Amino acid sequence: MANKSRESETYLVAKEHLPRHVGIIMDGNGRWAKKRGLPRTAGHARGAKVFKEIALYCADRGVKAVTFYAFSTENWKRPPDEVSTLMSLLRDCLEDGLEHYRRKNVRAHIIGDAEQLPASLREMIDEVEKSYTQNTGMILNVALNYGGRAEIVRAVQNIAAEAAAGRLSPESVTEETVEQNLYTAGQPPLDLVIRPSGEERLSNFMLWQSAYSEFWFSDVLWPDFTKDDLERAFRDFENRNRRFGGI
């Protein structure tokens with residue numbers, strides 16, 4: 001459902017009615033920059049700032065988990081200089097947020113195939129993963145070199161390896177077996193997917209996890225996305241009738 005209004009509301013959704021797990025497709029950085037006569041990299045820099053603001057706000061609001069789609073497996077098709085800038089911004093963003101997230105008791109988790117990422121970014125990912133192992137608060141997933149189809153293939157490969165080794169029989173494989181082999185194993189179900197920028201598609205984001213997710217779309221470009229926009233999504237979610245295939 002598209003939500004084009006940005007009129008203010010006067011109440012916050014009660015914590016018990018918030019989505020447990022929110023997925024955010026950060027979209028519109030390039031268009032934001034183009035509208036202002038700026039290079040696309042300026043849009044990505046502004047988008048990185050918004051990422052930090054929204055992540056910390058989700059932790060304050062009591063969301064259990066939030067996943068940000070930062071760099072997809074398809075984003076390698078972009079111009080090399082833009083990809084290089086994105087990699088640097090992602091590294092700086094993770095480094096800059098280390099202490100902030102630690103103080104918020106956030107559990108940071110990088111999902112996706114890290115093997116193709118620059119060495120400096122992989123080192124930062126290792127540091128992030130080690131720095132938050134003792135935290136018990138909100139799970140912050142950052143999807144880097146991530147694709148929903150690739151994630152499912154990876155899960156199937158893991159399951160096939162277990163079956164080939166004789167530790168698992170094919171007939172015993174269930175939906176739970178697949179879920180246990182996803183990057184988000186053990187995390188709350190994905191309740192709400194938010195996509196700003198006016199686009200209304202998943203773009204290979206968390207295909208398995210979003211099977212029963214609610215969707216909230218907005219024309220607001222990601223660099224202009226605010227806490228008020230997030231609250232609008234929460235209020236819309238609160239009013240959804242989630243039947244999960246029932247009546």
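How much space lies in the largest pocket? In this predicted model, where local features need pLDDT of at least 70, side-chain atom pairs count only at pLDDT 80 or more, and totals for chains, interfaces and linings use all residues, the largest pocket holds about 600 Å³. Residues are numbered from 1 along each chain as its sequence is written, and side-chain values use heavy atoms, with hydrogens and water left out. A pocket here is an open set of points on a 1 Å grid over the protein atoms alone, with protein on both sides within 12 Å along at least five of seven lines, and lining residues have an atom within 4 Å of a point. Volume is the space filled by probe spheres set on the points, which are joined across faces, edges and corners.

Thirty residues line the largest pocket, and Met26, Tyr69, Ala70, Asn75 and Arg78 lie nearest its centre. Two or more lining residues come from each of helix 1 (29-35), helix 2 (40-61), strand 3 (65-72) and helix 3 (80-103); helices (H or I, at least four residues) and strands (E, at least two) are DSSP runs numbered from the N terminus. The lining comprises 14 nonpolar, 8 polar and 8 charged residues.

The second largest pocket offers about 480 Å³. Its lining has 21 residues, with Glu179, Pro189, Leu190, Trp208 and Gln209 nearest the centre.

Turning to enclosed space, the whole structure has 1 cavity of 30 Å³ or more, a cavity being a set of points where a 1.4 Å probe fits but cannot get out. About 40 Å³ lies in this largest cavity, lined by Leu94, Tyr101, Ala108, Val128, Tyr132, Leu140 and Val142. Helix 3 and strand 5 (139-146) each give two or more of these residues.

How values were computed
Ala, Val, Leu, Ile, Met, Phe, Trp, Tyr, Cys and Pro count as nonpolar, Asp, Glu, Lys and Arg as charged, and the others, Gly among them, as polar.
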